[in-house]
Amino acid sequence: MALTVEGLKKSYGNLKVLDGVTFSVEEGEFVCLIGESGCGKTTILKIIAGLERPDEGRVDFKGVNRMGFVFQDDRLLPWKTVYGNIQFALKAMGVEDGDVVRRIIDFVGLKGFENYYPKQLSGGMRQRVGIARALAVNPDLLLMDEPFASLDARTRERMQEELLRIVGGKAVVFVTHSIDEAVYLADKVVVLSQRPSRVVRFIEIDIEKPRDRNSDEFIEKRREIYTALQASSG
Ligand SMILES: Nc1ncnc2c1ncn2[C@@H]1O[C@H](COP(=O)(O)OP(=O)(O)O)[C@@H](O)[C@H]1O
Ligand SMILES: [Mg+2]
C-alpha cells in the first residue's frame, strides 16, 4: 500500500492555495502534515479523498481500496445514536452486521454509550464516534483533519495515545498545527510553508512509541519542526 501526492497545485479564484505539494505515504506509515492555519492542509486532504480536484498534479494509490475520513468537527448525525451513526456508515458500504458495529464501539472505548445521542457526549467521545465511523469501513488509508483541535489538553493527549493503539499499523495522513501532536504521533512530518504552500521539509521521527514528551530526543524533534516552520514563514 502506498500513496503518492505529486506536484499538487490549487487555486480558489485568485487565491493561490497549493503551489506544488509533493509527498508520499508508505504502507503502515503515520504521516503528519503540519502548517499554519489557512495554508491549505484541508484542501490537500480533500484532494486525496477525491472531494476536490487539483488544478495540476496527481494523487496515485497503490493497494488502497477504501479510505476513512475523520473531520475536524465531528459531523455526526445528531438524530442518530452512537450505534446508529456507525451503522449508517456501514450500510453505505452494504454491510448490515450488528456485531461489527458493536465490536467497533467496544474498540474505541464507547461500550455502554451505544444509545446515546451526539449531544449527550463529551467532545472527546464524539471524536471517538467519528474515528469509529471512519474505521468501520476497514480502510487501508485513514485521513484525519485536526480531529483533536477542539479538545482540552489532557483529553487531547489521551486521545493521541488511544489513536496509536486504535490505528495499529494502518497508513494515516493526519493534519495538525500542533508541533507536539506531530512529534507524538508521526513517523514522518511534512512541514508546509505558508500559503501558497509547498513542502519545506520532511522530518523523520524515529523515536520508539509510545513516546515520552519530556525526553531529550522528543524535545529536539519539536525544536527541529519549530525551526522549519519559522523559516518558512519568512
Ligand atoms: N471552497 C473554497 N472556496 C474558496 N476558498 C477556499 C475554499 N476552501 C478553502 N478556501 C481557502 O483556501 C485557503 C486554504 O484553506 P484550507 O485548505 O482550509 O487551509 P487549512 O486547512 O490549512 O487551514 C484558505 O484561505 C481558505 O479560506
Ligand atoms: Mg483545515
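**Domain arrangement and the α2–α3 contact**

In this predicted model, the C-alpha centres of domain 1 and domain 2 are 25 Å apart. To the contact between these domains, domain 1 contributes 12 residues and domain 2 contributes 11 residues. Domain 1 is made up of two segments, 2–65 and 142–232, while domain 2 spans 80–139.

Between domain 1 and domain 2, about 1,000 Å² of area is buried, and carbon and sulfur atoms account for 69% of this area. On the side of domain 1, the residues that lose the most area to domain 2 are L142, I166 and K170; together these give 45% of what that side buries.

A helix pair was also examined. Helix α2 covers residues 82–92 and helix α3 covers residues 98–107. The axes of α2 and α3 come within 10 Å of each other and cross at roughly 120°. Because angles of 65 to 115 degrees count as roughly perpendicular and those over 145 as roughly antiparallel, this crossing makes α2 oblique to α3. The crossing of the two helices, α2 and α3, is right-handed.

The contact between these helices involves V82, Y83, I86, Q87 and L90 from α2, which meet G98, V100, V101, R102 and I105 from α3. By class, the residues of the contact of α2 with α3 comprise seven nonpolar, two polar and one charged. R102 in α3 is the charged residue, since Arg counts as charged. Q87 in α2 and G98 in α3 are the polar ones, Gly being counted among the polar residues.

How values were computed. Residues are numbered from 1 along each chain as its sequence is written. Chains are lettered from A and ligands numbered from 1 in the order in which they are written. This is a predicted model: local features need pLDDT of at least 70, side-chain atom pairs count only at pLDDT 80 or more; totals for chains, interfaces and linings use all residues. Side-chain values use heavy atoms; hydrogens and water are left out. Axes are lines fitted to C-alpha atoms, for helices over the stretch in contact, and angles run from 0 to 180 degrees between N-to-C directions. Helices (H or I, at least four residues) and strands (E, at least two) are DSSP runs, numbered from the N terminus. Angles under 35 degrees count as roughly parallel, over 145 as roughly antiparallel, 65 to 115 as roughly perpendicular and the rest as oblique. A crossing is left-handed if the near helix is turned anticlockwise from the far one by less than a right angle, and right-handed if clockwise. Contact means heavy atoms within 4.5 Å. Domain bounds come from an automatic or database domain assignment. Buried area is the accessible area (1.4 Å probe) that two parts lose on being put together, summed over both.
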